[in-house]
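User: Hey, got a minute to walk me through this model? I'd like to poke at a few spots in it.
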Amino acid sequence: MRDQFAALSAIVGRSARVASGQEGAEFVHSVFAEWRSSRPRPAYLEIPYDLLSRLPWIEPAQRAAQERAVAESDEQAEQVAEAIALLRRAVTPVVVFGGGARTAAPEARRFVEAIDALVITTASGKGVIAETDPTTLGAVIDQPVAHRVMSDADALVVIGSELAESELGSNDWKPSGTLVRVDVDPDQLTARWSPQIAIRMDAAQFMRRASAALTDERPRVAAARVRAARPDLDRSISQGGAAWGEINELLSAALPPDTIVAGDSSQVSYKGTMYRWPMARPGQFLYPAGFATLGYGLPAAIGAKVGNPQRPVIVLQGDGGLMFSIQELVTAVELGLPIPIVVMNNGGYAEIREQMLERGIDPLGTDLHMPDFAALCVACGGYGTHADAAADIPQLVLEALQQDRPTLIEIAV
C-alpha cells in the first residue's frame with residue numbers, strides 16, 4: 001500500500017490515525033455518538049502496530065455512553081411549521097420513504113394516517129409502511145406510474161432518501177409540486193433537486209412533531225388514489241418481469257410473513273421481489289441499492305440469520321450474483337445456519353446480454369459456464385437439490401428451513 005490511510009479516508013465518513021490508546025478510545029466513542037444522531041457512515045481507525053502491544057489500550061471506565069441530545073433549532077422549528085401548514089392544505093399529498101425512515105415505522109404509520117397520504121417507497125424503504133396497506137403502492141419509485149403520481153401531488157414529502165437516478169430508474173423525471181425533504185444528512189437535502197422546504201431532522205422526530213399537529217379530520221381518499229393507479233402499475237410490472245413474479249408470489253404465499261429475503265443485483269430481485277413480495281416491516285428485503293453490487297445476497301443472509309436466529313431467512317438470487325461470493329457457503333455451513341439458497345440459473349448475466357443485443361453489440365462475457373450449484377453446496381458441507389418447476393420450490397424451501405445447515409435449491413430458467 002502506498003498510502004492506506006488516504007485510500008480509506010477517501011471512501012469512509014470519518015478516519016483517524018491514532019498515537020495513543022486514549023486517542024483511539026475517544027475516536028471510537030465519538031463515532032458511535034455520531035451514529036446515534038446523524039446518518040451512519042463507515043469509519044476507519046488506523047492503529048500503529050506497536051501501539052497494540054501497549055496494554056491496557058481502552059480502559060473499561062472509558063466506555064461511558066456519549067449520547068448527543070439533539071435540540072430543535074429555531075430554524076428547524078420554522079421549517080417544520082411551514083411543512084405542517086403545507087400539509088394541512090394539501091389535497092393530494094404523497095410521501096416517499098427511503099432507507100432513512102427504516103427505524104421509524106410506527107411514526108410513519110401515524111404520519112401518513114394524519115395527512116391521508118399515498119405512499120411510495122424506495123428499495124431501502126420497502127416495508128416502512130406494510131405493503132398490504134391500501135394507501136401504499138409499494139417499492140415502485142422507479143415505475144412510470146409512480147412518477148406520474150408524484151408529479152400530481154400538491155405536496156411531495158421525501159423522508160430519508162436521496163432520490164438517486166438508480167432509485168428513480170430515470171434521469172428525466174422532475175418534481176412538479178411543492179417538495180419537502182427530511183433527512184439527517186445535510187448533503188442529501190439538496191441532492192439532485194433543492195426542495196421548497198428542507199428539514200434537517202431525524203425521520204421519527206419530524207413525523208412525531210407533524211402528526212401531533214395534524215389531528216384534524218379530512219376526507220380519506222388515498223386508498224382510492226392507489227386503486228386508480230394500480231391497474232396501470234400492475235401492467236407495467238408484468239411487462240417487465242412476469243417470469244420473476246411467479247416465484248416471488250409462490251414463496252410469499254408459502255412462507256411466514258416475517259421472512260427476511262436477501263436478494264442481489266439479480267433480475268429475480270429487482271424485477272420480482274421488489275414488486276411481487278409484499279413486506280410487512282422494514283428490513284425484510286435486503287438489497288444492494290445504488291451500486292448494483294453483485295454477490296451481496298448470500299453474505300447478507302448470513303448476517304441477517306446471525307442477527308435474527310428465530311426468523312426465517314432465505315436467499316433468492318441469480319447464478320451470476322452468487323458466483324461473486326460462492327465461498328460463503330462454507331461460512332454458512334460452519335455457523336450451522338438453516339438458510340435456503342434459491343438460485344435462478346440462466347447461465348450468466350442475462351440483462352447485460354439483453355442490453356448488448358438491444359444496442360447491436362455482440363454479447364461478450366455474459367454467457368458463462370456455471371457449476372452444478374447443488375452439488376457444490378454439498379461439497380462445501382451443506383445440502384443441495386434441483387427443482388424442476390417454480391411450483392416445487394416453496395415446499396423445498398420449507399423443508400430447508402428445518403435443516404441444521406444451508407440448502408441450495410437450483411432451478412434452470
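**Working through the model**

Analyst: Sure, and I'll start with Leu163: with a relative accessible area of 1%, under the 20% cut-off, this residue is buried. Keep in mind that this is a predicted model.

User: What's the sign of phi at Leu163?

Analyst: Leu163 has a positive phi, about 55°, and is not a glycine.

User: And where does Leu163 lie?

Analyst: In the loop between β6 and α6, which covers residues 165-168.

User: Which other non-glycine residue has a positive phi, about 50°?

Analyst: That would be Asp116. You'll find Asp116 in the loop that runs between α4 (105-115) and β4 (118-121).

User: Is Asp116 buried or exposed?

Analyst: Buried, because its relative accessibility is 6% and the cut-off for buried is under 20%.

User: OK, sheets. What's the strand order in the open six-stranded one?

Analyst: The order reads β5-β4-β3-β6-β7-β8, and the pairing is parallel. At the edges are β5 (136-138) and β8, each of which pairs on one side only. On average, neighbouring strands in this sheet are turned by 15° against each other, ignoring direction.

User: Which helix packs on the sheet and touches β3, β4, β5 and β6?

Analyst: Helix α5, residues 144-152. The direction of α5 makes about 135° with that of β4. There's also α4, which lies across β3 (93-97), β4 and β6 and runs at about 165° to β3.

User: Let's zoom in on β7. How many of its six residues are buried?

Analyst: Five, so strand β7 (residues 178-183) is mostly covered.

User: How many bridges does β7 make with β6, and how many with β8?

Analyst: With β6 (residues 155-159) there are five bridges, in the parallel sense. With β8 (residues 197-200) there are four, and those two strands run parallel as well.

User: Which residues pair up there?

Analyst: On the β6 side, Val158 has Arg181 of β7 as its bridge partner. Arg181 also stands opposite Ala198 in β8. Further along, Asp183 has Arg200 of β8 as its bridge partner.

User: Switching to rings. How many aromatic pairs are there?

Analyst: The count comes to five aromatic pairs. One of them is Trp173 with Trp193: the ring centres are 5.5 Å apart and the planes stand at 90°, so this pair is edge-to-face.

User: Where do the two Trp residues sit along the chain?

Analyst: Trp173 is in the loop between α6 and β7, while Trp193 is in the loop between α7 (186-189) and β8. They are 20 residues apart, so the pair links distant parts of the chain.

User: Are those two buried or exposed?

Analyst: Trp173 is buried, at 7% relative accessibility. Trp193 is buried too, with a relative accessible area of 14%.

User: Which charged end sits over the ring of Phe5?

Analyst: The one of Arg17, 4.6 Å from the centre of that ring.

User: Last thing: which residues of helix α11 are buried?

Analyst: In α11 (residues 297-307), the buried ones are Gly297, Leu298, Ala300, Ala301, Ile302, Ala304 and Lys305.

User: And what covers those buried residues of α11?

Analyst: The cover includes the strands β9 (260-262), β10 (285-286), β11 (313-318) and β12 (340-345), along with the helices α12 (319-323) and α13 (328-335).

Key. Residues are numbered from 1 along each chain as its sequence is written. This is a predicted model: local features need pLDDT of at least 70, side-chain atom pairs count only at pLDDT 80 or more; totals for chains, interfaces and linings use all residues. Side-chain values use heavy atoms; hydrogens and water are left out. Buried means under 20% relative accessible area, exposed over 50%, partly exposed in between (1.4 Å probe, protein chains only). Two strands pair if DSSP finds at least two bridges between them. Contact means heavy atoms within 4.5 Å. Axes are lines fitted to C-alpha atoms, for helices over the stretch in contact, and angles run from 0 to 180 degrees between N-to-C directions. Rings of Phe, Tyr and Trp (its six-membered ring) pair if their centres lie within 6.5 Å; planes under 30 degrees apart count as stacked, over 60 as edge-to-face and the rest as tilted. A charge sits over a ring if NZ of Lys or CZ of Arg is within 6 Å of the ring centre and within 35 degrees of the ring normal.
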